[in-house]
Amino acid sequence: MSTPVVTSKWAGTFACSGMCQRKQLMGEEFSKKALERYRKDGKPLKCKQCVAADEQTERGNAAKRKVVDDNSDETRRCAGKCERVLPKASFNRNQYSKGDGKSRCRDCVEQSVKDESANQAKSKEENISAARKKVDDAKRSGNAQQILAAESELAALEAEKVTGLKPIKLSAGRGRARGRGGGRGRGRGVGRS
């Protein structure tokens, strides 16, 4: 690759079946599980943005139902970042069942999910920029083997961004005709003395 690749202009072949109905999306716009289901069964894809919006509305609806259903005076301290004392209605059922000192409120859970997805995106971009730097360093060294290895690593990271598939690293293997029964003269004992 002699010229830098501009990934912002790439277009994928995936389309979202959610509310946004966007087309020509890259694999990074979808979860790994969704892409696996799409490739295996042909199930429709929903991008991460649509899934997050659906989860947000579901959380809001669940919180409204919870307030109507539960008017108890029980309170608990949030074990998340806010560390506030909140009523039982501020926790989802799963978090509340973890017990005192381990339960996180809905807001803290939501914030941690957002932080985690932001960290993953940032990590992927950092890996690609590090791979680009490695290619530049290899080109300066002039070693063809290093250049090929660095460009292969960069291509694998960029391909993962587009397709959503992680690269498979092939082992060196044992070479030709060294496996079980391969080669001449091996097998039924023909030609042996």
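Good morning. Setting aside neighbours within four places in sequence, Ser 103 is in contact with Arg 76, Arg 77, Cys 78, Ala 79, Gly 80, Phe 91, Gln 95, Tyr 96 and Lys 98. I should state at once that this is a predicted model.

Ser 103 lies in the loop between α3 (93-96) and α4 (106-141). Its relative accessibility is 0%, so Ser 103 counts as buried. Through its side chain, Ser 103 makes a polar contact of 3.1 Å with the side chain of Arg 76. Arg 76 also has its charged end over the ring of Tyr 96, at 3.8 Å from the ring centre. Both Arg 76 and Tyr 96 are among the residues in contact with Ser 103.

I turn now to the nonpolar cores. The largest comprises nine residues: Phe 14, Cys 16, Leu 25, Phe 30, Ala 34, Leu 35, Leu 45, Cys 47 and Cys 50. Separate from this is a second core of eight residues, including Ile 128, Ala 138, Leu 154 and Leu 157. In soluble globular proteins, nonpolar side chains tend to be buried together.

Next, the aromatic residues. Searching the whole structure yields three aromatic pairs. One of them joins Phe 14 and Tyr 38 edge-to-face, with 5.8 Å centre to centre and 80° between the planes. This pair links distant parts of the chain, 24 residues apart: Phe 14 belongs to the segment before α1 (32-41), and Tyr 38 to helix α1 itself.

Is each partner buried or partly exposed? Phe 14 is buried, because its relative accessible area is 9%. Tyr 38, at 34%, is partly exposed. Together with Phe 30, Phe 14 and Tyr 38 form one aromatic cluster. Thank you.

Technical notes: Residues are numbered from 1 along each chain as its sequence is written. This is a predicted model: local features need pLDDT of at least 70, side-chain atom pairs count only at pLDDT 80 or more; totals for chains, interfaces and linings use all residues. Side-chain values use heavy atoms; hydrogens and water are left out. A nonpolar core is a set of buried Ala, Val, Leu, Ile, Met, Phe, Trp, Tyr and Cys residues joined through side-chain atoms within 4.5 Å. Buried means under 20% relative accessible area, exposed over 50%, partly exposed in between (1.4 Å probe, protein chains only). Rings of Phe, Tyr and Trp (its six-membered ring) pair if their centres lie within 6.5 Å; planes under 30 degrees apart count as stacked, over 60 as edge-to-face and the rest as tilted. Helices (H or I, at least four residues) and strands (E, at least two) are DSSP runs, numbered from the N terminus. A charge sits over a ring if NZ of Lys or CZ of Arg is within 6 Å of the ring centre and within 35 degrees of the ring normal. A polar contact is a pair of N or O atoms within 3.5 Å; within protein, one must be able to donate a hydrogen and the other to accept it, and residues adjacent in sequence count only if both atoms are side-chain atoms. Contact means heavy atoms within 4.5 Å.
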